[in-house]
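Work through the exercises below with the sequence and the model side by side. Each task is followed by a solution in steps.

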Amino acid sequence: MKNTIILLTGATGGIGRALADALAKKGAILVLVGRRLTALYDLKNQLMNGEHHQVIEADIGTAEGRDKIDQHARWLGQQGTPIEILINNAGVNSFNYLSMRADDSIEHEIAINLTAPILLCKLALTWLAPTGLIANIGSTFAGIGFPGYANYGATKSGLYRFTEALNRELYDSQQCAIYIAPRATKTALNDARATAMNKQLQNHVDSPEWVANHIVCAIEKRCFATWLGWPEKLFVRLNQLFPSLVGHEIAKQKDIIDLHAMTPQDLPVTEESHHDYT
């Protein structure tokens with residue numbers, strides 16, 4: 001990782017900050033992307049060798065934001081220092097049954113979690129280093145359809161298949177695309193309902209630092225698909241082979257899921273999520 005130039009979206013979110021810290025400690029040179037310039041500079045200044053890192057204030061959900069990233073990456077290439085790794089980390093989620101979701105929130109989730117990474121990958125193919133790598137950060141919910149996350153799971157499942165197909169398109173090159181799927185992670189995105197549900201269901205919740213270290217490891221190994229956490233990675237495999245078995249187990253939890261999913265959303269935000277769009 002030493003002197004590797006890495007573009008990281010969602011840099012100031014929970015996993016993003018931990019990932020930036022882990023990569024900087026490995027000696028990477030980071031291009032940090034987020035929507036809040038002050039937060040980006042705060043992060044940059046806290047990182048090891050902060051003077052070497054760069055920031056881009058951009059909303060990946062807009063054409064203008066993606067163009068800013070594209071222009072900066074092209075400029076780096078012209079300087080002889082192309083982006084070597086693109087990490088599509090930015091993401092959003094909402095714990096709600098589909099019938100309770102507003103149309104614009106569904107569209108926004110798709111735009112940030114699926115459309116934006118696809119378009120950034122397309123742009124990256126024009127400026128990524130010849131031996132470059134694209135890492136798309138997904139979710140365990142890409143492999144397990146879980147009530148309350150129907151749309152979120154669809155976006156992350158779509159990102160998985162996209163990454164798989166893109167990686168196969170790159171077989172005749174030295175570039176590759178990989179997919180890394182965290183399970184529930186302690187960040188500041190989800191509300192108190194999701195926190196209470198995870199606690200009652202005794203779901204495992206990882207620290208951002210633990211997730212970040214495993215993401216770095218997966219990138220170093222250039223392993224195509226990495227599902228983080230046990231027994232979730234087992235459930236993902238079981239769901240592929242015996243979906244009715246996994247569905248039966250989730251059905252046993254439905255009353256608890258209902259209790260929290262149908263609670264009014266006026267409770268305070270707490271620290272529980274996958275990754276976030278900042």
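Buried means under 20% relative accessible area, exposed means over 50%, and partly exposed lies in between, with a 1.4 Å probe and protein chains only. The model is predicted, so that local features need pLDDT of at least 70 and side-chain atom pairs count only at pLDDT 80 or more, while totals for chains, interfaces and linings use all residues. Residues are numbered from 1 along each chain as its sequence is written, and side-chain values use heavy atoms, with hydrogens and water left out.

**Exercise 1. Overall form**

Task: State how many helices and strands the protein chain has, and compare its radius of gyration with the globule rule.

Solution.
Step 1. Helices (H or I, at least four residues) and strands (E, at least two) are DSSP runs, numbered from the N terminus. The protein chain has ten helices and seven strands.
Step 2. The radius of gyration is taken over C-alpha atoms, and the globule rule is 2.2 Å times the number of residues to the power 0.38. For 278 residues the rule gives 19 Å, and the protein chain has 18 Å, close to that value, so it is as compact as a globular protein of that length.
Step 3. The C-alpha trace spans about 60 × 40 × 35 Å along its principal axes.
Step 4. Of the 278 residues, 54% count as buried.
Step 5. Contact means heavy atoms within 4.5 Å. Among contacts between residues at least 6 apart in sequence, 75% join residues at least 24 apart.

**Exercise 2. Backbone geometry in three loops**

Task: Find where the cis peptide bond is, and locate Gln 202 and Arg 222.

Solution.
Step 1. Trp 230 and Pro 231 are joined by a cis peptide bond, with omega about 15°. Pro 231 lies in the loop between strand S7 (225-227) and helix H8 (232-241).
Step 2. Gln 202 is not a glycine, yet its phi is positive, near 60°. This residue follows H6 and sits in the loop between helix H6 (192-201) and helix H7 (208-221). Gln 202 counts as exposed because its relative accessibility is 66%.
Step 3. Arg 222, also not a glycine, has a positive phi of about 55°. Its place is the loop between H7 and S7. Arg 222 counts as partly exposed because its relative accessibility is 36%.

**Exercise 3. Helix H6 and its partner**

Task: List the buried residues of H6 and say which helix they pack against.

Solution.
Step 1. The buried residues of H6 are Ala 192, Arg 193, Ala 194, Met 197, Asn 198 and Leu 201.
Step 2. These residues pack against helix H10 (254-261).
Step 3. Ile 256 is a residue of H10. Leaving aside neighbours within four places in sequence, Ile 256 is in contact with Gln 200 and Leu 201.
Step 4. With a relative accessible area of 23%, Ile 256 is partly exposed.
Step 5. Ile 256 and Arg 222 are 34 residues apart in sequence, and their C-alpha atoms are 38 Å apart in space.

**Exercise 4. Two buried polar residues**

Task: Give the helix and the contacts of Asn 167 and of Asp 70.

Solution.
Step 1. Asn 167 belongs to helix H5 (residues 150-169). Its relative accessible area is 13%, so Asn 167 is buried.
Step 2. Beyond its neighbours within four places in sequence, Asn 167 is in contact with Cys 176, Ala 177 and Phe 224. Asn 167 and Tyr 179 are twelve residues apart in sequence and 9.7 Å apart in space, C-alpha to C-alpha.
Step 3. Asp 70 belongs to helix H3 (residues 63-78). Its relative accessible area is 7%, so Asp 70 is buried.
Step 4. Beyond its neighbours within four places in sequence, Asp 70 is in contact with Leu 123, Thr 126 and Trp 127.

**Exercise 5. Cysteines**

Task: How many disulfides does the structure hold?

Solution.
Step 1. A disulfide is a pair of cysteine sulfur atoms within 2.5 Å. The structure holds zero disulfides.
Step 2. For Cys 121, which is in no disulfide, the nearest cysteine sulfur is that of Cys 176, 11 Å away. Cys 121 is buried, with a relative accessible area of 1%.
Step 3. For Cys 176, also in no disulfide, the nearest cysteine sulfur is that of Cys 223, 10 Å away. Cys 176 counts as buried at 11% relative accessibility.
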